[in-house]
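Subject: Structure handover and findings

Hello,

Here is the structure I said I would pass on. My notes on it follow below.

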Amino acid sequence: MSEISGKKLIETIKQKGKSLEAEMSFFDHLEVLRWHLIRSAIAIAIFMGLSFAFYDFIFDTIIMGPKKPDFWTYRMMCIIGERFNLGPDFCVTEIPINIINTDMAGQFTLQLNSSLLIGLVLGFPYLLYEIWLFVKPALTDIERKSANGFVFYATLLFVLGILFGYFMIAPLSVNFLAHYTVSPEIDNQITVDSYLSSVATLTLGTGVVFELPIIIYILSKIGIMTPQFMRATRRYAIVIILVIAAVVTPTPDILTMLTVSFPLFLLYELSIVIAGRVQRAKLKAEKEFYNG
């Protein structure tokens with residue numbers, strides 16, 4: 001009886017040791033993750049400080065750009081409208097809004113918030129790099145090879161999304177909302193916080209939307225998304241994309257709407273191709289496993 005009890009005691013101690021080892025491993029991973037996040041935060045803070053130091057250029061040229069009639073997008077629209085005879089409404093010559101501040105510390109918080117946003121955008125590639133360094137040790141050699149280039153492609157898609165959002169979605173939305181009036185008795189006096197949040201949301205939101213192929217790749221890897229499902233729901237995706245394009249375009253002209261929606265169509269089709277490649281790779285691996 002005492003021998004059995006001793007064995008049970010030894011087994012209990014072993015199990016307790018395994019639990020402590022797993023617990024220590026969990027906290028070790030938390031410690032590693034903490035340092036990855038700290039380094040990312042430091043990088044973002046550095047870019048935020050640089051943005052704060054050079055804020056005159058950032059505010060006048062970048063933040064207030066979509067409000068100025070000489071913004072690159074508006075100038076290109078005037079050139080295209082004149083060449084293809086799209087009518088005077090296609091050319092943007094005025095943005096009838098006044099930017100005002102209603103808070104005592106409004107302009108100071110504007111500089112802080114916008115510098116933080118610029119810091120996040122510029123530090124996003126390094127944040128992705130730190131995430132990759134944290135996840136990489138847990139991957140197998142095959143998974144590492146298949147995920148090679150994650151930081152590069154995710155950064156490339158994010159930058160393309162930011163540029164498309166800033167030069168297409170944001171100015172077209174600002175122009176549309178500035179000219180939309182319920183009554184001529186109402187003047188558009190827009191607070192600087194409202195203007196900044198609108199431009200930032202449209203720009204950063206487009207950058208996140210452009211990460212769709214990466215998201216689809218991850219979801220396909222874990223078996224949640226399939227190319228068959230995406231092909232079956234393509235018609236609904238097209239409707240949603242056209243609705244978004246129709247909302248942000250300044251005129252009912254079909255050319256402008258297609259200009260906005262075309263990249264989104266390409267992203268959706270690219271996501272289908274990526275999901276198909278992941279599915280074929282899975283089927284090939286399963287076939288080799290069972291045949292081997």
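How much area does the chain expose, and what share of it do carbon and sulfur atoms supply? The chain exposes about 18900 Å², and carbon and sulfur atoms supply 69% of that area. Please keep in mind that this is a predicted model.

Overall layout

The chain has 292 residues, of which 31% count as buried. Its secondary structure consists of eleven helices and two strands. Read from the N terminus, the order of elements is α-α-α-β-α-α-α-β-α-α-α-α-α. Taking contacts between residues at least 6 apart in sequence, 81% join residues that are at least 24 apart.

Nonpolar cores

The largest nonpolar core contains 41 residues. Those with the most contacts inside this core are I63, Y74, M77, I95, V174, Y195 and V260. Two or more residues each come from α2 (55-63), α3 (72-83), α4, α6 (150-179), α7 (192-209), α10 (234-248) and α11 (254-291). Helix α6 gives the largest share, 13 residues. For I63, leaving aside neighbours within four places in sequence, the contacts are Y55, I58, S114, Y195 and L196. There is also a second, separate core of seven residues, and M230, A237, I272 and A275 are among them.

Helix α4

Helix α4 covers residues 106-135, which is 30 residues. The distance from its first C-alpha to its last is 40 Å, close to the 44 Å expected at 1.5 Å a residue. The helix has a kink of about 50 degrees at G123, shortly before the proline P125. G123 is also one of the buried residues of α4. The others in that list are G106, L110, Q111, S114, S115, G119, F124, L128, E130 and W132. Of these, S114 is in contact with I63.

Where α1 meets α4

Two residues of helix α1 (residues 2-53) are worth listing here, I38 and H36. H36 is buried, with a relative accessible area of 8%, whereas I38 counts as partly exposed at 28% relative accessibility. Setting aside neighbours within four places in sequence, H36 is in contact with E130, L133 and F134. E130 comes up again with I38: the two are 92 residues apart in sequence, and their C-alpha atoms are 9.8 Å apart in space.

Helix α6

Which span should the 30 residues of α6 have at 1.5 Å a residue, and how far apart are the end C-alpha atoms? The expected span is 44 Å and the end C-alpha atoms are 42 Å apart, which agrees. Helix α6 bends by about 40 degrees at G165.

Two residues of this helix were looked at individually:

- L157 lies in α6 and counts as buried at 13% relative accessibility. Leaving aside neighbours within four places in sequence, L157 is in contact with G207, F210, E211, P213, I214 and L267. L157 and P213 are 56 residues apart in sequence, with 8.7 Å between their C-alpha atoms.
- F167 also lies in α6, but counts as partly exposed at 27% relative accessibility. Apart from neighbours within four places in sequence, F167 is in contact with F71, W72 and T73. The C-alpha atoms of F167 and P66 are separated by 8.0 Å, with these positions 101 residues apart along the chain counted as their separation.

The disulfide

How many disulfides does a search of the whole structure find? The search finds one, formed by C78 and C91, with the sulfur atoms 1.9 Å apart. C78 lies in helix α3 and C91 in the loop between α3 and β1 (98-100), so the pair ties together parts that are 13 residues apart in sequence. The torsion about the S-S bond is about 85 degrees, so the disulfide is right-handed. Is C78 buried or exposed? At 19% relative accessibility C78 counts as buried, because the cut-off for buried is under 20%. C91 is partly exposed, with a relative accessible area of 25%.

Regards

Key. Residues are numbered from 1 along each chain as its sequence is written. This is a predicted model: local features need pLDDT of at least 70, side-chain atom pairs count only at pLDDT 80 or more; totals for chains, interfaces and linings use all residues. Side-chain values use heavy atoms; hydrogens and water are left out. Helices (H or I, at least four residues) and strands (E, at least two) are DSSP runs, numbered from the N terminus. Buried means under 20% relative accessible area, exposed over 50%, partly exposed in between (1.4 Å probe, protein chains only). Contact means heavy atoms within 4.5 Å. Accessible areas come from the Shrake-Rupley method with a 1.4 Å probe; for residues, only the protein chains shown count as cover. The expected span of a helix is 1.5 Å times one less than its number of residues. The bend at a residue is the angle between axes fitted to the seven residues ending there and the seven starting there. A nonpolar core is a set of buried Ala, Val, Leu, Ile, Met, Phe, Trp, Tyr and Cys residues joined through side-chain atoms within 4.5 Å. A disulfide is a pair of cysteine sulfur atoms within 2.5 Å.
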